[in-house]
Amino acid sequence: MKMKCEVIRDLFPSYIDGLTSEESNELIKEHLEECRECREYLDDMKEDIVQENQPVKNKEAVKPFRKLRQKTRRKIILAAGGAALACGLIFGGGLLYYGRSWTAESEDVKMTIDAQGGIATLRFAPEKKNCKLTAEAGEDNTITIVESKQIPFAKTYNPNAYWSCTFLDENTVMGIDGQNMDFREDQVLTIKYEDRTETISIGELASRALENPAAQSEDVKMTFDKDDTGTVVLGFYPELMGVSLKVEETGENRILIRQYYDGEGEPVENGDVYTLRFSGGNRIQKENGEILEFSEEDELIIEYQDKEVEIPLKDLWKGELSEELMK
Ligand SMILES: [Zn+2]
């Protein structure tokens, strides 16, 4: 490449954005007329600008997806498929100018993983000011994180790069054009930086994305029942359609309310109960028959996604539960 071409190409970003002076425009046009390489170079650059808009749309599509909690998992996946979210789809970063980009150093990149509702999204954010990142797909699930300078005065755009993947189950990923692909337990996603490579287990991403979340407290109706023998039954019922709840014991006097998506259109018994057997006002019988004494301060802790609710065991025994709790 002649020196002249380099100078001209440096002007292209501003030229495309319409920021170059009349004189510069004349120079560029003159050069383009006699230099085919630079014409192609400019065309490629313009194409990148057009492609930039596409990914942003896909990213937006992820957001409404999160509001679809009341829908079934299958419907959610269809919604995501409709938005053309597929494994290996790489979007982000805006324009990549040839010759002005380089493989990023790992310390200049902050990676975060967001995994829920079947979708895992890796976000790569630049640590350096005025830089932006692009993720380039390679063979064998390898992505290279490429850094480049942001164009001064350019309209605002997202400087982050993204990699996103939709999982149908623990071994199936939604492929491009809705074709599903199986993956093996040992398959990894390799992320290449200038100074090192990082690998992430795809199976692990899948389990994180598919794990059933704890329920939001506002989506759960709790019921209370106590019989003559001192048995207290707490019921947890979903307020959302197409969702089941399960009570999970996560510790001593600690339970978590987990939310599951039901199969499409199947009517299900969708609540769950937690039973406490009291033996007098200060003792409680465990599942294994062991009888434990509890104090005034001992509480049952109910974990939701948004908060923890603490109920003193003595209140459960007396049946004195606040109205707010039973709403
Ligand atoms: Zn040229």
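Which residue in β7 does F124 stand opposite? I looked this up to open the notebook, and the partner is A161.

**Entry 1: overview.** A reminder to myself that this is a predicted model. I counted up the secondary structure of the chain and got seven helices and 20 strands. The chain has 327 residues, and 23% of them count as buried. I also checked how far the contacts reach along the sequence: among those between residues at least 6 apart, 62% join residues at least 24 apart.

**Entry 2: β3, β4 and β7.** Back to the strand that holds my opening pair. β4 and β7 are antiparallel and share six bridges. On β4's pairing with β3, I found eight bridges, again with the strands running antiparallel. There, V109 stands opposite P126 in β4. I then went to the turn: the hairpin of β3 and β4 has two residues between its strands, and G117 takes a positive phi near 60°.

**Entry 3: β5 and β6.** Next I followed β5, residues 131-137, into β6, residues 142-149. The two run antiparallel and are joined by seven bridges. I picked K132 and traced its bridge partner in β6 to S148. This is a hairpin too, with four residues between the strands. In its turn, D140 has a positive phi of about 55°.

**Entry 4: the cores.** Which residues have the most contacts inside the largest nonpolar core? They are F124, L133, A135 and I145, in a core of 24 residues. I was glad to meet F124 again, since it is the residue that stands opposite A161. At least two residues of this core come from each of β4, β5, β6, β7 (161-169), β8 (172-174), β10 (188-192) and α5 (202-210). β7 gives the largest share, with five residues. Apart from this core I noted another one, of 13 residues, which includes A215, I257, F278 and L316.

**Entry 5: helix α5.** I stayed with α5 to see which of its residues are tucked away. I202, L205, A206 and A209 are buried. They sit on the same side of α5, because they cover an arc of only 100° around the axis. I then asked what the buried residues of α5 pack against, and the list is β3 (109-116), β4, β7, β10 and β11 (197-201).

**Entry 6: the open sheet.** Further along I traced an open sheet of five strands, in the order β12-β13-β16-β17-β18, with antiparallel pairing. Its edges are β12 (220-226) and β18 (291-293), each of which pairs on one side only. From one strand to the next, the twist averages 30°. I looked at one pairing inside it: β13 (residues 231-238) and β16 (residues 272-278) run antiparallel and are joined by six bridges. The partner of F236 in β16 is D272.

**Entry 7: T275.** Is T275 buried or exposed? This residue lies in strand β16. T275 is exposed, because 12 other C-beta atoms lie within 10 Å and a residue with 12 or fewer counts as exposed. Leaving aside residues up to four places away in sequence, T275 touches T231 and V233. I also set T275 against D225: the two are 50 residues apart in sequence, and their C-alpha atoms are 9.5 Å apart in space.

Notes:
Residues numbered from 1 in each chain as written. Predicted model: local features only at pLDDT ≥ 70, side-chain atom pairs only at ≥ 80, totals over all residues. Pairing = 2+ DSSP bridges. Core = buried A, V, L, I, M, F, W, Y, C linked by C-beta atoms within 7 Å. Buried ≥ 20, exposed ≤ 12 C-beta atoms within 10 Å, placed from the backbone. Arc of directions from axis to C-beta. Contact = placed C-beta atoms within 7 Å. Axes fitted to C-alpha atoms, helices over the stretch in contact; angles between N-to-C directions.
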